[in-house]
Amino acid sequence: MLAPDLDKYDEEQVRLMGEMCIVIDENDKRIGADSKKTCHLMENINKGLLHRAFSVFLFDSQNRLLLQQRASEKITFPDMWTNTCCSHPLSNMLELVEENQVGARVAAQRKLEHELGIPPDQILLERLNYLTRIHYLAPSDGMWGEHEIDYIFFIKADVDLKINPNEVRDYKYVTPEELKAMFADSSVPMTPWFKLICNTFLFKWWAKLDNLEDEKNVETIHRLGFDDKKKN
């Protein structure tokens, strides 16, 4: 049975709210699992509930970044522009694997196909370039929000797209200058995690896209938007 507070939302998005996210502590240690719905309710987030996530930044051979605009059907952050793909590893055998970030890589490959129709053979796991993790908290509205430790992956690939309209309203490839112009336009809604990453790391990493080894920081969890005392 659907919970009464989900009756007004899109049926497919409600179904996805039943997926089991990986619940973690502030050091990214797994402590359990709970539904996507439970993990995204601000009532629980305000009590400290934290889950694992990933964000993919996909660049084409011209070094343009693929952005998506989240579908209107989305329960959290609908209609907002964001990076290529953002979602969660699930609490299952494959996506729980922590060695070499395999679980997050598998989840990224799965969701790139689900949201954007990118064939898995165009997103090989070993080509997902893991850079670091960020920890942030962001309300969506009075009921929903995000509280995640987010694995950041870069990949450079020319891919085929078959957009899932239930997930993605629109998409575009942008240069750094075009993305900065979007940020300067107050009429363009942007997801809070995308803003945080852009304001701290993205443009520096983008400038070194073909040589990112020196930019990797696989041990640190960057606390973005928190008090200085919470930062690693």
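Is D28 buried or exposed? With a relative accessible area of 5%, D28 is buried, and the close-up views described below, which are taken from a predicted model, begin with the loop that holds this residue.

**View 1. D28 and N27 in the loop between β1 and β2.** D28 sits in the loop that joins β1 (20–24) to β2 (30–35), and its phi is positive, at about 65°, although the residue is not a glycine. Because its relative accessible area is 5%, and the limit for a buried residue is under 20%, D28 counts as buried. N27 is also placed in the loop between β1 and β2. When neighbours within four places in sequence are left aside, the contacts of N27 are R133, I221 and R223. N27 and E219 are 192 residues apart in sequence, while their C-alpha atoms are 10 Å apart in space.

**View 2. N63 in the loop between β3 and β4.** The loop shown here runs between β3 (51–59) and β4 (65–70), and N63 lies in it. N63 is not a glycine, yet its phi is positive, at about 65°. The relative accessible area of N63 is 24%, so this residue is classed as partly exposed.

**View 3. R110 and its contacts in helix α4.** R110 belongs to helix α4, which covers residues 102–116. With a relative accessible area of 26%, R110 is partly exposed. Not counting residues up to four places away in sequence, R110 touches E19, H88, L90 and E95. The C-alpha atoms of R110 and T132 are separated by 20 Å, and the two residues are 22 positions apart along the chain.

**View 4. E177 in helix α5.** E177 is found in helix α5, whose residues are 176–184. Its relative accessibility is 56%, and since the exposed class begins over 50%, E177 counts as exposed. Between the C-alpha atoms of E177 and A33 the separation is 40 Å, for two residues that are 144 positions apart along the chain.

**View 5. V188 in the loop between α5 and α6.** V188 lies in the loop that connects α5 (176–184) with α6 (192–207). Once residues up to four places away in sequence are set aside, V188 is in contact with W81 and M182. The C-alpha atom of V188 is 28 Å from that of Y130, a residue 58 positions away along the chain.

**View 6. The annotated span, residues 49–196.** An unreviewed UniProt entry lists residues 49–196 as "domain: Nudix hydrolase". In the predicted model, this span is 20% helix and 34% strand, and the C-alpha atoms at its two ends lie 20 Å apart.

**View 7. The whole chain, for orientation.** The secondary structure of the chain consists of six helices and ten strands. The radius of gyration is 17 Å, close to the 17 Å that the globule rule gives for 232 residues, and the chain is therefore as compact as a globular protein of that length. Along the principal axes, the C-alpha atoms fill a box of roughly 50 × 35 × 35 Å. Of the 232 residues, 52% count as buried. Among contacts in the chain with a separation of 6 or more, 70% are accounted for by residues 24 or more positions apart. The chain exposes about 10,900 Å², of which carbon and sulfur atoms supply 48%. There are 29 positive and 39 negative side chains, and the centres of these two sets lie 3 Å apart.

Terms used
Residues are numbered from 1 along each chain as its sequence is written. This is a predicted model: local features need pLDDT of at least 70, side-chain atom pairs count only at pLDDT 80 or more; totals for chains, interfaces and linings use all residues. Side-chain values use heavy atoms; hydrogens and water are left out. UniProt positions are given in the numbering used here, feature names are shortened, and annotations may be inferred rather than shown by experiment. Helices (H or I, at least four residues) and strands (E, at least two) are DSSP runs, numbered from the N terminus. The radius of gyration is taken over C-alpha atoms; the globule rule is 2.2 Å times the number of residues to the power 0.38. Buried means under 20% relative accessible area, exposed over 50%, partly exposed in between (1.4 Å probe, protein chains only). Contact means heavy atoms within 4.5 Å. Accessible areas come from the Shrake-Rupley method with a 1.4 Å probe; for residues, only the protein chains shown count as cover. Lys and Arg count as positive and Asp and Glu as negative; His and the chain ends are not counted. The place of a charge is taken as NZ of Lys, CZ of Arg, CG of Asp or CD of Glu.
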